[in-house]
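Me: I have not looked at this structure before, and I would like to go through it step by step. Could you take my questions one at a time and show the reasoning behind each reply?

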Amino acid sequence: QVQLVESGGGFVQAGGSLRLSCAASGDIFSIKVMSWWRQPPGQQRGLVAMLTSDPDTHYLDSVKGRFTISRDNAKNTVYLQMNSLKPEDTGVYYCNMRLMEGRWNAPVDYWGRGTQVSVSS
């Protein structure tokens with residue numbers, strides 16, 4: 001059984017920084033895609049940043065130049081460095097990993113439980 005655990009959320013003033021971490025544990029053969037998603041209050045969850053195994057990165061337009069996604073393969077961990085935070089960045093941030101538990105297993109999506117990020121103006 002694979003588990004993802006996020007950490008690093010909190011309360012920060014506009015212009016501040018936070019670093020989110022998400023560590024995966026369990027039976028993991030290969031992680032294909034790591035990503036961060038955000039669910040603002042009263043809105044649907046949406047993709048913020050994605051990092052593939054190529055590696056290739058994709059960012060939501062509104063966070064380009066401010067957020068950086070990175071990974072530590074040895075620790076099965078993905079990070080999201082968030083700088084110059086704005087009130088509109090407020091929301092619950094979820095980690096997602098598309099991974100294979102064995103060489104012959106199909107990739108499966110796993111989600112963390114989320115971590116709250118609140119940015120005040």
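Me: In which loop is Asn76 found?
Reply: This is a predicted model, and the replies here should be read with that in mind. Asn76 has a phi near 50°, a positive value in a residue other than glycine, and its relative accessible area of 23% makes it partly exposed. As for its place in the chain, Asn76 is found in the loop between strand 7 and strand 8.

Me: Where is Ser84, which also has a phi near 50°?
Reply: The phi of Ser84 is a positive value in a residue other than glycine. With a relative accessible area of 40%, Ser84 is partly exposed, because buried residues fall under 20% and exposed ones over 50%. Its place is in the loop between strand 8 and strand 9.

Me: How many bridges pair strand 7 with strand 8?
Reply: One of the pairs across these two strands is formed by Arg71, whose bridge partner in strand 8 is Val78. The two strands run in the antiparallel sense, and the number of bridges over which they pair is 6.

Me: Which strands stand at the edges of the open sheet of 4 strands?
Reply: The sheet has the order 1-3-8-7, with antiparallel pairing. The edge strands each have a single partner strand, so one side of each is left without a neighbour in the sheet, and these are strand 1 and strand 7.

Me: What is the average twist from one strand to the next in that sheet?
Reply: The strands concerned are those of the open sheet with the order 1-3-8-7. From one strand to the next, the twist averages 15°.

Me: Is Leu80 buried or exposed?
Reply: Leu80 is found in strand 8, which covers residues 77–82. Not counting residues up to four places away in sequence, Leu80 touches several others, among them Leu18, Leu20, Trp36, Val48, Phe67 and Tyr93. Its relative accessible area is 0%, and because the cut-off is under 20%, Leu80 counts as buried.

Me: Which residues touch the most other members of the largest nonpolar core?
Reply: This core has 27 residues, and the elements that give two or more residues to it are strand 3, strand 4, strand 5, strand 7, strand 8, strand 9 and strand 11. Tyr93 illustrates how contacts reach across the chain, since leaving aside its neighbours within four places in sequence, its contacts include Leu20, Trp36, Leu80, Met82 and Val117. The members that touch the most others are Trp36, Leu80, Met82, Tyr93 and Met97.

Me: Which residue of strand 11 does Tyr93 stand opposite?
Reply: Strand 9, residues 91–100, pairs with strand 11 in the antiparallel sense over 3 bridges. Strand 11 itself is mostly covered, with 5 of its 6 residues buried. Within this strand, the residue opposite Tyr93 is Thr115.

Me: What is the bridge partner of Gln13 in strand 11?
Reply: Strand 2, residues 10–13, is joined to strand 11 by 4 bridges, and these two strands run parallel. The bridge partner of Gln13 in strand 11 is Ser120.

Me: Why is the pair formed by the rings of Trp37 and Trp111 called edge-to-face?
Reply: The structure holds 1 aromatic pair. Trp37 lies in strand 4 and Trp111 in strand 10, so the pair ties together parts that are 74 residues apart in sequence. The ring centres are 5.4 Å apart, and because planes over 60 degrees apart count as edge-to-face, the name follows from an angle of 65°.

Me: At what distance from the ring centre of Trp111 does Arg45 lie?
Reply: Trp111 counts as partly exposed, at 38% relative accessibility. Arg45 lies over the face of Tyr94, at 3.6 Å from that ring centre. Arg45 also lies over the face of Trp111, where the distance from the ring centre is 4.7 Å.

Me: Which peptide bond is cis, with omega near 0°?
Reply: One of the two residues involved is Pro55, found in the loop between strand 5 and strand 6. The cis bond runs from Asp54 to Pro55.

Me: What is the relative accessible area of Val2?
Reply: Val2 is found in the segment before strand 1. Leaving aside its neighbours within four places in sequence, Val2 is in contact with residues including Ile28, Leu99 and Tyr110. Val2 is buried, with a relative accessible area of 5%.

Conventions. Residues numbered from 1 in each chain as written. Predicted model: local features only at pLDDT ≥ 70, side-chain atom pairs only at ≥ 80, totals over all residues. Heavy atoms only, no water. Buried < 20%, exposed > 50% of the residue type's maximum accessible area, 1.4 Å probe, protein only. Contact = heavy atoms within 4.5 Å. Pairing = 2+ DSSP bridges. Core = buried A, V, L, I, M, F, W, Y, C linked by side-chain atoms within 4.5 Å. Phe/Tyr/Trp six-rings, centres within 6.5 Å; stacked < 30°, edge-to-face > 60°. Lys NZ or Arg CZ within 6 Å of the ring centre and 35° of its normal. Axes fitted to C-alpha atoms, helices over the stretch in contact; angles between N-to-C directions.
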